[in-house]
Amino acid sequence: MKKNSTMVYHSIYLEKKRLEIRMLKSVGHNFYTLFLSLFDQLVLGNCVLLVNLRRMRLEKCWFCSSTVYPGHGIQFVRNDAKIFRFCRSKCHKNFKMKRNPRKVKWTKAYRRLHGKDMTQDSTFEFERKRNRPERYDRNLAENTLKAIKKIDKIRSDRASDHIKNRLKTSKVQRQKEARKQLELGIHLVKAPLALAQDSSLCLPKIKVNVSQAQTEENQPMED
Amino acid sequence: MRTVLKVVDNSGAKKVMCIQALKGKKGARLGDTIIASVKEAMPNGKVKKGKVVYGVVVRAAMQRGRCDGSEVKFDDNAVVLVDKQGQPIGTRVFGPVPHELRQKKHVKILTLAEHIA
């Protein structure tokens, strides 16, 4: 991850402003809003600026925190002007049942709250909601697309590491339990006679005599 | 028809009952204009009980599709009273209004609104 020192990058640095990055994810309507802090150590490549062609945004579902793509989901506006976006009817129905997402096991809110998923990471800094549209620049758009890919990969790697670390302790416990089960149930796999002879907790060793290898000369076939 | 809507401006009326939807075979939706009869009104307001008025539906509990494919719905059914030309009778609008009104040319209501959803 080299810090690229293009003119644009420098000029942005000099401006000392927070930038919003929206860009085309692929052919189509999808836009991705990024935030690059100038003081962030994890800046990748060029800073990218892009103006939004249309008012399209990838929102977050209020209940499960997954992304709501344009054309999906329902938006509920409460009378106090708070907007709730839902990715699908499952989340919407749960909301109508007045369930608290922090108590519903499969939501991101629950997982983050209970430490199941990664909560704090610098890769999250790139993805923040900003309301300032930026001027379009093709190079920057291209670079941001590449950056998105990279950031995504890094973030998912770190998240899976977090989960792996969390599950490490259970492996030791599982092995302990397996050992205990073997002790108790050894009579199921090893005959008691064999156990008397060899009281270790392994299966009895069966000796098989391997025949002598055939000589190289061709053996005449039997008539 | 017969839907009782809340009036969210300061025209004096509190509740109106829809007696006709001006457009739409299946009834008025979010952003449409209706003809309504005032069922409940404040004692000293511009509009009195029993008067027949025009109104613009600014909040509907039934979801309405947006051009980007998503759907919006509100918490209640609310209306802003307007005159025949579409200008609001009241001077204030309470609660959120949808930006579908812009397409329907109800710009005045949008400017009075406190929040545009």
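# Exercises on a two-chain predicted model

In chain A, take the contacts (heavy atoms within 4.5 Å) between residues at least 6 apart in sequence: 62% of them join residues at least 24 apart. The model is predicted, so local features need pLDDT of at least 70 and side-chain atom pairs count only at pLDDT 80 or more, while totals for chains, interfaces and linings use all residues. Residues are numbered from 1 along each chain as its sequence is written, chains are lettered from A and ligands numbered from 1 in the order in which they are written, and side-chain values use heavy atoms, with hydrogens and water left out.

## Exercise 1. Chain A in outline

**Task.** State how many helices and strands chain A has, and in which pattern they follow along the sequence.

**Solution.**
- Count the elements. Chain A has 6 helices and 6 strands. Helices (H or I, at least four residues) and strands (E, at least two) are DSSP runs, numbered from the N terminus.
- Read along the sequence. The pattern is α-β-β-β-β-β-β-α-α-α-α-α.
- Check burial. Of the 223 residues in chain A, 30% are buried. Buried means under 20% relative accessible area, exposed over 50%, and partly exposed in between (1.4 Å probe, protein chains only).

## Exercise 2. A sheet across two chains

**Task.** Trace the open sheet: what is the strand order, and which strands stand at the edges?

**Solution.**
- Set the order. The 4 strands run 6(A)-5(A)-6(B)-5(B), with mixed pairing. Two strands pair if DSSP finds at least two bridges between them.
- Find the edges. Strand 6 (83-86) of chain A and strand 5 (64-65) of chain B each have a single partner strand, so one side of each is left without a neighbour in the sheet.
- Cross the chains. Strand 5 (residues 74-77) of chain A pairs with strand 6 (residues 71-74) of chain B in the parallel sense, over 4 bridges. Phe76(A) stands opposite Lys73(B). Val77(A) stands opposite Phe74(B).
- Add the helix. Helix 2 (residues 89-96) of chain A packs on the sheet and touches strand 5 and strand 6 of chain A, together with strand 6 of chain B. The direction of helix 2 makes about 135 degrees with that of strand 6 of chain A. Axes are lines fitted to C-alpha atoms, for helices over the stretch in contact, and angles run from 0 to 180 degrees between N-to-C directions.
- Finish in chain B. Strand 5 and strand 6 of chain B run antiparallel, joined by 2 bridges. Arg64(B) has Val72(B) as its bridge partner. The two strands form a hairpin with 5 residues between them, and Gly69(B) in the turn has a positive phi of about 100 degrees.

## Exercise 3. One residue in the sheet

**Task.** Decide whether Gln75(A) counts as buried or exposed, and list its contacts.

**Solution.**
- Place the residue. Gln75(A) is in strand 5 of chain A.
- Apply the cut-off. Relative accessibility is 9%, so Gln75(A) counts as buried.
- List the contacts, leaving aside neighbours within four places in sequence. In chain A they are Ile83(A), Phe84(A) and Arg85(A); in chain B they are Arg66(B), Ser70(B), Glu71(B), Val72(B) and Lys73(B).

## Exercise 4. The barrel in chain B

**Task.** Work out which strands close the barrel and how they pair.

**Solution.**
- Name the strands. The closed barrel of 5 strands runs 1-2-3-4-7 in chain B, with mixed pairing. The twist averages 55 degrees from one strand to the next.
- Pair 2 with 3. Strand 2 (residues 13-21) and strand 3 (residues 33-41) of chain B run antiparallel, joined by 7 bridges. Met17(B) has Ser37(B) as its bridge partner.
- Pair 3 with 4. Strand 3 and strand 4 (residues 52-59) of chain B are antiparallel over 5 bridges. Ile35(B) stands opposite Tyr54(B).
- Pair 1 with 7. Strand 1 (residues 4-7) and strand 7 (residues 78-82) of chain B are parallel over 2 bridges. Lys6(B) has Ala78(B) as its bridge partner.

## Exercise 5. Helix 4 of chain A

**Task.** Compare the span of helix 4 of chain A with the expected value, then locate the bend.

**Solution.**
- Take the span. Helix 4 (residues 138-184) has 47 residues and reaches 69 Å from its first C-alpha to its last, close to the 69 Å expected. The expected span is 1.5 Å times one less than the number of residues.
- Find the bend. Helix 4 of chain A bends by about 30 degrees at Leu167(A). The bend is the angle between axes fitted to the seven residues ending there and the seven starting there.
- Pick out the buried residues. They include Leu140(A), Thr144(A), Ala147(A) and Ile151(A).
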